[in-house]
Amino acid sequence: MPDEILITGTSGFIGRHCAIAFAHAGWRVTALDIRPAPEEVALCARVLRTDLADRRVLEEIRSGRFAAVVNQAGISSTVEQDRDLLQRVNVDAPVALAAACASSGTRFVYASSHSVYGTFPRGTLIAEDAGADRCSGPLNPYAESKLRLDQEMARASEHLNWVGLRYTNVFGSGEEQKGEMASILSQLLRQAAADVPVRLFADSLTASRDYVPVEVVARTCLALIDTPVPSGVYNLGSGAPVSFATLLEWSASFVQAPLAVQLVANPLSDRYQYWTGADLTKLRSVLPTLEHLDQDRIRRDARELFDEFRGGKP
C-alpha cells in the first residue's frame, strides 16, 4: 500500500487541518489547492498549486501513487447562486477524481454536507436514509450540488471504495478565513472576544445547530484510511445540538460580563435551518474509534477557541 495521501483544498479550513493531521500521523502528503499553501502545510507536504481538473494530477492518481484521495476542495458558500459553477466545482471535479481512483483502486473520501437534508422536525436527529417524509431536502443551490455529488457517487463503480462525509457545522482554529460562512459558534465567539456587539438574527435565539470540532473531522478522515468502511455517505457531527441562546450564555461566561446583543432581521427565513442534528448510528457502527461528542465537549472546545481569539492569534 502506498504511503502517500493526496488531500485537496489544503489552503482552506478543513483541508489544512487534514493535511497537518495526516503528516503528523506519518503519511507523506501531497497538498493540492489553487491558492498558495499556508506555511504550516508547505512545511509538511508536497504542494501542488493547481485545480482538480489538472490532467497530471489525475494521471498520478490513476498510476496508483496514492493510498487515498481526501477531497476537501469546493465551493462552500451557501449563498452561491451560480448553479453551473457549483456543478463544475462541487460535482464534476470530484466525480473525475473518483473515476481516477476507481482505475487504480485508490480509496476516495470527500466532503459532503448536512445541508442536503434541509429542514426536519426540531428535536430529532436525522439519518442518512431520511426521505421526503422526514426532511425538506436542499434549501439552496450549494446544498443541491452536494446532494447531486452524493447521488453520482452512489452510482460509482463497484471497484471504487468511497466515503462521503456529511459534515454538520465544523468549527475551530483558522475558520475565520471563511468570513460570513464561518459557523455561528465561531462568529459569536469572535465578536464576544473582541468586545463588540454580538449580532444574531432576531428569529434564531431558539435555533440549534450540531457542531463538530475540525480536529475531530481531520482525525475521522485519518481513521477512514486506517479502517476501511463500506462505501456510502455517513453523517459526521456531534449528535448534540446547541441552541444559539446557549452559545450566548457560554460567551457571556467566557467574557465574565453581560453581552451586548444586536438582533437583526433574517433575510433568509424561508430557507434557514433552524435545527440541525446528526444521527451518527451508521458511522459509529463501522468506525469504532469515532470520538464521542456531547455539549460539555463542544463547550470546552469553544472555550479554547475563545481564548485564541482573545489572545489575538490568527
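In this predicted model, contacts between residues far apart in the chain dominate: of the contacts with a separation of 6 or more, 77% join residues 24 or more positions apart. The overall dimensions fit with that picture of a chain folded back on itself only in so far as the numbers go: the radius of gyration is 19 Å, which agrees with the value near 20 Å for a compact globule of 314 residues. The C-alpha trace spans about 60 × 45 × 40 Å along its principal axes. Buried residues make up 53% of the 314, and the secondary structure comes to ten helices and 13 strands.Turning to the annotated region, the unreviewed UniProt entry lists residues 5–237 as "domain: NAD-dependent epimerase/dehydratase". Over residues 5–237 the chain is 36% helix and 21% strand, and the C-alpha atoms at the two ends sit 24 Å apart.

Next comes the interior. In soluble globular proteins, nonpolar side chains tend to be buried together. The largest nonpolar core here has 40 residues, and I5, F22, L165, Y167 and C221 are the ones that touch the most other members. Elements that each supply at least two residues of this core include the strands β1 (4–8), β2 (28–33), β4 (68–71), β5 (107–113), β6 (162–167) and β11 (232–236), along with the helices α1 (13–24) and α7 (214–226). Of these, α7 gives the most, with nine residues. There is also a second, separate core of 24 residues, with V242, I298, F306 and F309 among them.

Y167 is a handy place to look at how the larger core is put together. Leaving aside residues up to four places away in sequence, Y167 touches I14, Q72, A111, S112, S113, H114, V217, C221 and L236. One of those partners, A111, belongs to strand β5 and counts as buried at 10% relative accessibility. With the same exclusion of sequence neighbours, A111 itself touches N71, Q72, K146, L165 and Y167. N90 lies 21 residues from A111 along the chain, and the C-alpha atoms of the two are separated by 9.6 Å.

Helix α1 is mostly covered, with ten of its twelve residues buried. The buried set is F13, I14, G15, R16, H17, C18, A19, A21, F22 and A23, so the list takes in R16 and H17 as well as nonpolar side chains. From its first C-alpha to its last, α1 reaches 17 Å, close to the 16 Å expected at 1.5 Å a residue. Just after the helix, G26 takes a positive phi of about 100 degrees.

Helix α8 (residues 244–255) also has twelve residues, and its end C-alpha atoms are 17 Å apart, which agrees with the 16 Å it should span at 1.5 Å a residue. In α8 the buried residues are F244, T246, L247, L248, W250, S251, F254 and V255. An α-helix has 3.6 residues a turn, so residues three or four places apart point the same way. F244, L247, L248, S251 and V255 are among the buried residues of α8.

What about backbone angles outside glycine? Most residues other than glycine have a negative phi. Q256, which follows α8, goes the other way, with a positive phi near 65 degrees. Q256 is found in the loop between α8 and β13 (261–264) and counts as exposed at 72% relative accessibility. D195 likewise has a positive phi, of about 60 degrees, although it is not a glycine. This residue, D195, lies in the loop between α6 (184–193) and β8 (198–201), and is exposed, with a relative accessible area of 57%.

Finally, the cysteines. A search of the whole structure turns up zero disulfides. For C18, the closest cysteine sulfur is that of C221, 4.2 Å away, which is too far for a bond, given that a disulfide needs the two sulfur atoms within 2.5 Å. C101 is in no disulfide either, and its nearest cysteine sulfur, again that of C221, is 14 Å away. Both C18, with a relative accessible area of 0%, and C101, with a relative accessible area of 0%, are buried.

Terms used
Residues are numbered from 1 along each chain as its sequence is written. This is a predicted model: local features need pLDDT of at least 70, side-chain atom pairs count only at pLDDT 80 or more; totals for chains, interfaces and linings use all residues. Side-chain values use heavy atoms; hydrogens and water are left out. Buried means under 20% relative accessible area, exposed over 50%, partly exposed in between (1.4 Å probe, protein chains only). A nonpolar core is a set of buried Ala, Val, Leu, Ile, Met, Phe, Trp, Tyr and Cys residues joined through side-chain atoms within 4.5 Å. Helices (H or I, at least four residues) and strands (E, at least two) are DSSP runs, numbered from the N terminus. Contact means heavy atoms within 4.5 Å. UniProt positions are given in the numbering used here, feature names are shortened, and annotations may be inferred rather than shown by experiment. The expected span of a helix is 1.5 Å times one less than its number of residues. The radius of gyration is taken over C-alpha atoms; the globule rule is 2.2 Å times the number of residues to the power 0.38.
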